[in-house]
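Biologist: I am new to this structure and would welcome a guided introduction. May I put my questions to you one at a time?

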Amino acid sequence: MLLHLSDLHFGTERQVCIEAIQTFCAQHRPEVIVVSGDLTQRAKLSQFYRCKQFLESLNTPYVVIPGNHDIPLYQLWKRTFRPFTLYQLFFGSLEKTLMTQHFYIVGQNSIRRRYHTRGHISLQQIQKVSQLLSIAPQDKLKIVTTHQPFFIEPTSKHVKDRPILARLAAKAWGEKDAYAILHGHLHQVAVHDLNQIFHLGLSHPLYDVIAATATSDRLHGAQPNGFNVLHIDGSFMHYVFDERSKSFVIKEI
């Protein structure tokens with residue numbers, strides 16, 4: 001089982017959700033956790049510290065990538081010259097690869113200091129991920145994660161945040177047998193098949209998977225706190241926070 005968390009936004013976290021995720025991990029023992037960005041609300045030292053403590057408390061290998069909230073917004077000098085200093089202090093490299101028994105996970109940084117919310121994937125990143133996927137064992141589910149989704153509904157106010165080279169990246173990674181690309185950013189759950197949406201001509205689906213905010217009180221619309229689970233058979237499940245039981249319960253995507 002792969003546990004997909006996103007948009008933790010420490011600084012606006014709900015302790016009840018944190019405890020529920022800790023309970024979930026103790027009960028289900030996921031193989032790996034992927035956190036697709038926005039670990040903090042305002043990229044502060046105390047927020048990164050609390051996020052690090054939370055992730056370590058889950059006693060599970062994890063891969064994290066930065067989100068747009070993980071670089072300073074108002075401190076212009078730090079945003080310009082040292083945007084990822086605190087993130088790297090606690091989590092190291094901006095782009096990590098992790099292989100577990102059933103999963104091969106490639107994390108990519110889609111955040112740029114000159115943009116506020118818009119995602120960016122470079123040609124160099126597309127090539128790098130393609131090379132990593134090409135050497136991945138064939139018995140693993142190949143997973144990539146970036147913060148901003150590759151597909152956003154055209155009617156959404158966030159449609160401009162989609163990386164410009166998203167279709168090119170999806171095709172290149174799909175041709176290397178990527179199974180899914182995990183994202184956050186929208187605080188709303190969704191699963192799309194990029195092969196169909198972008199007409200990639202692949203012989204298999206390439207899923208674009210978006211998670212809700214797992215722990216923040218910054219809920220969008222009626223979407224509750226939630227997270228996704230990817231099972232080793234390739235199936236997805238979505239869990240939402242139930243206020244009555246103070247736990248995460250299954251909801252169909």
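Biologist: Which residues do ring pairs link into a cluster?

Modeller: The model is a predicted one. Within it, ring pairs join residues into a cluster. Its members are Phe-24, Phe-227, Tyr-239, Phe-241 and Phe-248.

Biologist: How many aromatic pairs are there by this rule, and what is the geometry of the pair Phe-24 and Tyr-239?

Modeller: The count of aromatic pairs comes to 13. In the pair Phe-24 and Tyr-239, the ring centres are 5.0 Å apart and the planes stand at 75°. Planes over 60 degrees apart meet the cut-off, so this pair is edge-to-face.

Biologist: Which elements hold Phe-24 and Tyr-239, and how many residues apart are they?

Modeller: The pair links distant parts of the chain. Phe-24 belongs to helix α1 (residues 15–28), while Tyr-239 belongs to strand β11 (residues 236–242). The two are 215 residues apart.

Biologist: Are Phe-24 and Tyr-239 buried or exposed?

Modeller: A residue is buried when its relative accessible area is under 20%. Phe-24 has 4% relative accessibility, and Tyr-239 has 7%. Phe-24 therefore counts as buried, and Tyr-239 likewise counts as buried.

Biologist: How are the rings of Phe-227 and Phe-248 arranged: stacked, edge-to-face or tilted?

Modeller: The ring centres of Phe-227 and Phe-248 lie 4.7 Å apart, with the planes at 45°. This pair also links distant parts of the chain, with Phe-227 in strand β10 (residues 226–230) and Phe-248 in strand β12 (residues 247–251), 21 residues apart. Because an angle of 45° is neither under 30 degrees nor over 60, the pair is tilted.

Biologist: What is the relative accessibility of Phe-227 and of Phe-248?

Modeller: Phe-227 counts as buried, and so does Phe-248. The value for Phe-227 is 0%, and that for Phe-248 is 8%.

Biologist: Which residue lies over the face of Tyr-115?

Modeller: The distance from the ring centre of Tyr-115 is 4.1 Å. The residue over the face of this ring is Arg-118.

Biologist: What is the volume of the largest pocket, and how is its lining divided by class?

Modeller: The largest pocket holds about 150 Å³ of space. Its lining includes Phe-151, Glu-153, His-158, His-192 and His-220. By class, this lining has 6 nonpolar, 5 polar and 1 charged residues.

Biologist: How many cavities of 30 Å³ or more does the search find, and which residues line the largest cavity?

Modeller: The search of the whole structure finds 2 cavities of that size. The largest cavity has a volume of about 40 Å³, and its lining divides into 2 nonpolar, 4 polar and 1 charged residues. The lining residues are Gln-41, Arg-42, Asn-68, His-69, Ile-71, Leu-73 and His-116.

Biologist: Which element gives the most to the lining of the second largest cavity?

Modeller: The second largest cavity contains about 30 Å³ of space, and its lining has 6 nonpolar, 2 polar and no charged residues. Both β1 (2–5) and β10 supply at least two lining residues. The greatest contribution, 3 residues, comes from β10.

Biologist: Why is Cys-25 not bonded to its closest cysteine sulfur?

Modeller: The structure holds 0 disulfides. Cys-17 is in none, as the nearest cysteine sulfur, that of Cys-25, is 13 Å away. Cys-25 is buried, with a relative accessible area of 4%. Its closest cysteine sulfur, in Cys-51, is too far for a bond, at 13 Å.

Definitions and conventions: Residues numbered from 1 in each chain as written. Predicted model: local features only at pLDDT ≥ 70, side-chain atom pairs only at ≥ 80, totals over all residues. Heavy atoms only, no water. 1 Å grid on protein atoms, 1.4 Å probe; cavity = no way out; pocket = protein on both sides within 12 Å on 5 of 7 lines; lining within 4 Å. Points joined across faces, edges and corners; volume = space filled by probe spheres on them. Nonpolar A, V, L, I, M, F, W, Y, C, P; charged D, E, K, R; others polar. Phe/Tyr/Trp six-rings, centres within 6.5 Å; stacked < 30°, edge-to-face > 60°. Helix = DSSP H or I, 4+ residues; strand = E, 2+ residues; numbered from the N terminus. Buried < 20%, exposed > 50% of the residue type's maximum accessible area, 1.4 Å probe, protein only. Lys NZ or Arg CZ within 6 Å of the ring centre and 35° of its normal. Disulfide = S-S within 2.5 Å.
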